[in-house]
Amino acid sequence: YALYTEDEYNIGININFNAETGKFKYFLNKDFDSITNRLEKISREEAIDIAKTTLDNVGYSTKDYEIKSCNNKKGNEWNIFFSRSYNGIYNRYDEFQINFGVINSHIVVRSINGLVNNTFENNNFTISEEEAKQIAINKEKDFTNQPIIQITAEKSIEKMNTFVYCLENNIENQASIKTEDRIRNVWKIKIEHEKEPQNADKTLSNIEYFKRYMSKKYFIDATTGEIIGGEQAQFNLK
C-alpha cells in the first residue's frame with residue numbers, strides 16, 4: 001500500500017507498507033528541503049537516541065540491528081544507518097537508513113528507507129582467503145591475459161547475481177537473466193589491472209573490452225568455493 005498526503009508529486013508525505021504482511025517499508029517527507037535552514041544542532045548521542053526510537057516506532061526492534069554509520073550532514077541533518085551484523089559483517093540486504101533533524105525540540109523526519117531480505121543463510125567460512133583468491137584468479141584468466149597489479153580480499157555478505165555468468169556467455173543485458181534470491185557469506189575478491197593499457201584494442205565489443213581490460217570483483221561462496229556473482233570494480237573507459 002502507498003499512502004500520500006497530497007495529490008501533487010513534489011509535495012507532502014509518502015508512506016509505503018507491505019500489503020501482505022502489514023510491515024512498514026518506506027517513508028518520505030518531500031517538504032523537508034523547505035525547513036533545512038531551521039534545523040537545530042543536537043549531539044551525536046541525542047541523534048542516535050532519536051534514530052533508535054524512530055526505528056522502534058515503525059515496528060523494527062533496535063535489539064536486532066547495529067549502527068553501521070552515523071553522519072551529521074550540512075545544516076544539522078542526521079543520516080544514520082542500522083544494519084544486522086553477523087560476526088562483524090554487515091548485511092546490506094537487511095538495514096534501515098533514517099534521515100532527520102530537530103526544530104523547536106520536535107523531530108522532523110526526511111526519510112526512512114528499509115530493506116529487509118530474510119534469505120540470508122549465514123553459511124560457514126570454510127574456504128580460506130588464499131583459496132578464494134586463487135579461484136578468482138583462475139576465472140579472471142579465462143577472460144584476459146592482462147597483468148594483474150593487485151588482488152585484495154574481504155569478508156562480505158552478498159546476494160547471488162548474474163555478473164560472471166553474463167561475462168562467460170557474452171550477455172550484455174544482465175537484467176535479462178534471473179537467478180535465485182539467495183544471500184550468502186562470501187569472500188569478495190577484487191582483481192585490478194592497469195587502468196587502461198596504451199595498446200587497448202578499441203575495436204572490441206563492449207563486453208569483450210570489459211572482460212579483457214577492466215578490474216572486477218568476484219563473490220566466492222565462503223563454504224563451497226563457487227563463484228556466485230560479482231560486480232564492476234572499474235567503469236568501462238571505452
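# Exercises on a predicted model

The place of F17 is strand β2. The structure is a predicted model.

**Exercise 1. Which residues form a nonpolar patch on the surface together with F17?**

Step 1. F17 has a relative accessible area of 31%, so this residue is partly exposed.
Step 2. Membership of a patch asks for over 30% relative accessible area.
Step 3. The nonpolar patch consists of Y1, L3 and F17, and together they have about 330 Å² of accessible area.

**Exercise 2. Is N14 buried or exposed, and what separation do the C-alpha atoms of N14 and Y4 have?**

Step 1. N14 is found in strand β2.
Step 2. Its relative accessible area is 9%, and buried means under 20%, so N14 is buried.
Step 3. N14 and Y4 are 10 residues apart along the chain, and their C-alpha atoms are separated by 4.8 Å.

**Exercise 3. Which residues gather in a patch of negative charge on the surface?**

Step 1. The patch is made up of E6, D7, E8 and D31.
Step 2. One of these, E6, is found in the loop between β1 (2–4) and β2 (13–17).
Step 3. E6 counts as partly exposed because its relative accessibility is 39%.

**Exercise 4. Describe the pair formed by the rings of Y60 and F96.**

Step 1. There are 7 aromatic pairs in the structure.
Step 2. In the pair of Y60 and F96, the ring centres are 4.6 Å apart and the planes stand at 50 degrees, so the pair is tilted.
Step 3. Y60 lies in the loop between α1 (44–57) and β4 (66–73), while F96 lies in strand β6 (residues 89–103); the pair therefore ties together parts that are 36 residues apart in sequence.
Step 4. Both Y60 and F96 are buried.
Step 5. With Y65, these two residues form one aromatic cluster.

**Exercise 5. Where do N76 and S105 lie, and what is the value of phi in each?**

Step 1. Most residues other than glycine have a negative phi.
Step 2. N76 is not a glycine, yet has a positive phi of about 65 degrees.
Step 3. The place of N76 is the loop between β4 and β5 (77–86), and with a relative accessible area of 22% N76 is partly exposed.
Step 4. S105 has a positive phi near 70 degrees.
Step 5. S105 lies in the loop between β6 and β7 (106–116) and counts as exposed, at 67% relative accessibility.

**Exercise 6. Which parts of the chain are linked by the salt bridges of K68 with E95 and of R184 with E121?**

Step 1. Side chains of opposite charge can pair when their charged atoms come close.
Step 2. A search of the whole structure finds 20 salt bridges.
Step 3. K68 and E95 meet in one of them, at 3.2 Å from N to O. K68 lies in strand β4 and E95 in strand β6, so the pair ties together parts 27 residues apart in sequence.
Step 4. K68 is partly exposed, with a relative accessible area of 34%, whereas E95 counts as buried at 11%.
Step 5. R184 forms a salt bridge with E121, and their closest N and O atoms are 2.6 Å apart. This pair links distant parts of the chain, with R184 in strand β9 (residues 183–193) and E121 in the loop between β7 and α2 (129–143), 63 residues apart.
Step 6. R184 counts as buried, at 8% relative accessibility, and E121 is partly exposed, with a relative accessible area of 34%.

Technical notes: Residues numbered from 1 in each chain as written. Predicted model: local features only at pLDDT ≥ 70, side-chain atom pairs only at ≥ 80, totals over all residues. Heavy atoms only, no water. Patch = residues over 30% accessible without salt bridge, like charges linked within 9 Å, V, L, I, M, F, W, Y side chains within 5 Å. Areas by Shrake-Rupley, 256 points an atom, 1.4 Å probe, with all protein chains shown as cover. Salt bridge = Lys/Arg side-chain N within 4 Å of Asp/Glu carboxyl O. Lys, Arg positive; Asp, Glu negative; His and termini not counted. Charge placed at Lys NZ, Arg CZ, Asp CG, Glu CD. Helix = DSSP H or I, 4+ residues; strand = E, 2+ residues; numbered from the N terminus. Buried < 20%, exposed > 50% of the residue type's maximum accessible area, 1.4 Å probe, protein only. Phe/Tyr/Trp six-rings, centres within 6.5 Å; stacked < 30°, edge-to-face > 60°.
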